Every structure is written in C-alpha cells, then in structure tokens.
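This report looks at how the strands of one sheet are arranged, how a helix packs against them, and what a few loop residues look like. Please keep the sequence and the model in view while reading.

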Amino acid sequence: MERYTCYSGGASGSDLIFELESLKKGYKVVAYSFEGHNTKSNNRYILTDKELQEGFEHIKITNKRLNRNLNNISPYVKKLISRDWFQVNSSDTIFAIGNLDGVDNVKGGTGYAVSCAIDNNKPIYLFEQNDNQWYYYDYETNRFEIYEKIPILTSKFAGIGTRQINENGLNAIIKLFEES
C-alpha cells in the first residue's frame, strides 16, 4: 500500500496522529526533521543546513501574507518553520488540523505550511478544531470556506497541524483515514 505517502513534520500532536494512522494503513511516512529536533518519529528525513536555508527563503516569501515577526525567533523555531516548506513542496494536497486566524490564515506554526501551500496553489483542507468542521481554501474567494464532507486523502499528502490537538481533531484524522 505504499502508493500513498504522508509528509509530516514529525511533531507531537497532529503530525504524530497523521503518522500513526498512515502506518496503520501501510502508507509510507516521511517526517521532515533536522539535527537536534525533538521528535518521536521513526520515519525521519534529516534536512541539511542548506535545505533548511532553502526552506527559510520560502518562509520569508510566505510571511508577506502572514505579516509575522521573523526577526526574534530562535534558531530552533527557524528550523521548525523552515521544514514546513518541504512538507508542502513534496505533497499534492495539504490536510491540516488547527484553528483559523480570520478567514484566510491559520494560527501558529501550521499557518506557515498552509500559507506556503496557498502561495503554490495546492489544495488545502483544514479541520478547524473549535468549530468541529472541515474547511477548504477557495482560490477564487481567497478564504477558507466550509467543506460539507470529509475530504479524501491523495497519494502524496501533507498531514500536519497543531501540537494541541483536541478530541475533535483526533476524531477528524481517524475519520479521514476511514473514508479514504
């Protein structure tokens, strides 16, 4: 069943649940990581310093949408958000668990990956934990719109999201895999 590949960031919470559910299905998992990364993933792909720098260049571009302060972030956080680019670049669709920040952005670190995906016109499905609702990014309206169904996994998907996954988010990932 390795015709499916889950691209993850190897973080606890949503990333780990996507990884575990993928492995149950026999899917391949690539968890982008770096030296010194605190992860429990056994499917790490260690990014080089050069690759992390490439990722950060994409983060700087996408930050024009997000308008967040990148000047005072720690080297560790810089590496965390830099790896987001590789999850997006490797995948054909992004499945994220998190919280909306307005109608066109996602809160926290997940927002960097989602914003990179928007910049690259990739399909994005976001499960908004507080609303207990799937959304998709509509490129005509440039905002997240309610998605009435459970989306279907694609062959090369990014499974990403918040470390603070709640019961709604956990159930959404399980149902996503049951339906695919």
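## Sheet, helix and loops

Alanine 31 in β2 (28–33) stands opposite arginine 44 in β3, and three bridges join β2 to strand β3 (residues 44–46), the two running parallel. Two strands are said to pair if DSSP finds at least two bridges between them; helices (H or I, at least four residues) and strands (E, at least two) are DSSP runs, numbered from the N terminus. The model is a predicted one, in which local features need pLDDT of at least 70 and side-chain atom pairs count only at pLDDT 80 or more, whereas totals for chains, interfaces and linings use all residues. Residues are numbered from 1 along each chain as its sequence is written, and side-chain values use heavy atoms, with hydrogens and water left out.

β1 and β2 also pair in the parallel sense, over four bridges, and threonine 5 stands opposite lysine 28 in β2. The chain crosses from β1 through α1 to β2 in a right-handed β-α-β crossover (with the strands pointing away from the viewer, the path from the first strand over the helix to the second runs clockwise). Five of the six residues of β2 are buried, that is, under 20% relative accessible area, where exposed means over 50% and partly exposed lies in between (1.4 Å probe, protein chains only).

The open sheet has eight strands in the order β3-β2-β1-β10-β4-β7-β8-β9, with mixed pairing. Its edge strands are β3 and β9 (143–146), each of which pairs on one side only, and neighbouring strands are turned by 30° against each other on average, direction ignored. Strand β7 (residues 124–128) is joined to strand β8 (residues 133–138) by four bridges, and these strands run antiparallel; here leucine 126 stands opposite tyrosine 135 in β8.

Helix α1 (residues 14–24) has the buried residues Ser14, Asp15, Ile17, Phe18, Glu19, Glu21 and Ser22. An α-helix has 3.6 residues a turn, so residues three or four places apart point the same way. The helix α1 lies across β1, β2, β4 and β10, running at about 140° to β10, where axes are lines fitted to C-alpha atoms, for helices over the stretch in contact, and angles run from 0 to 180 degrees between N-to-C directions. Contact means heavy atoms within 4.5 Å.

α1 and α5 pack at an angle of about 25°, with their axes 10 Å apart, and are therefore roughly parallel to each other (angles under 35 degrees count as roughly parallel, over 145 as roughly antiparallel, 65 to 115 as roughly perpendicular and the rest as oblique). Ser14, Ile17, Phe18, Glu21 and Ser22 in α1 meet Leu170, Ile173, Ile174, Leu176 and Phe177 in α5. After α1 comes glycine 26, whose phi is positive, near 85°.

Three loop residues are listed with their accessibility.

| Residue | Loop | Relative accessible area |
|---|---|---|
| Lysine 107 | between β6 and α4 | 48%, partly exposed |
| Asparagine 121 | between α4 and β7 | 57%, exposed |
| Asparagine 142 | between β8 and β9 | 45%, partly exposed |

Most residues other than glycine have a negative phi. Asparagine 121, however, has a positive phi of about 55°, and phi of asparagine 142 is near 55°, also a positive value. Leaving aside neighbours within four places in sequence, lysine 107 is in contact with Arg68, Asn99, Leu100 and Asp101.
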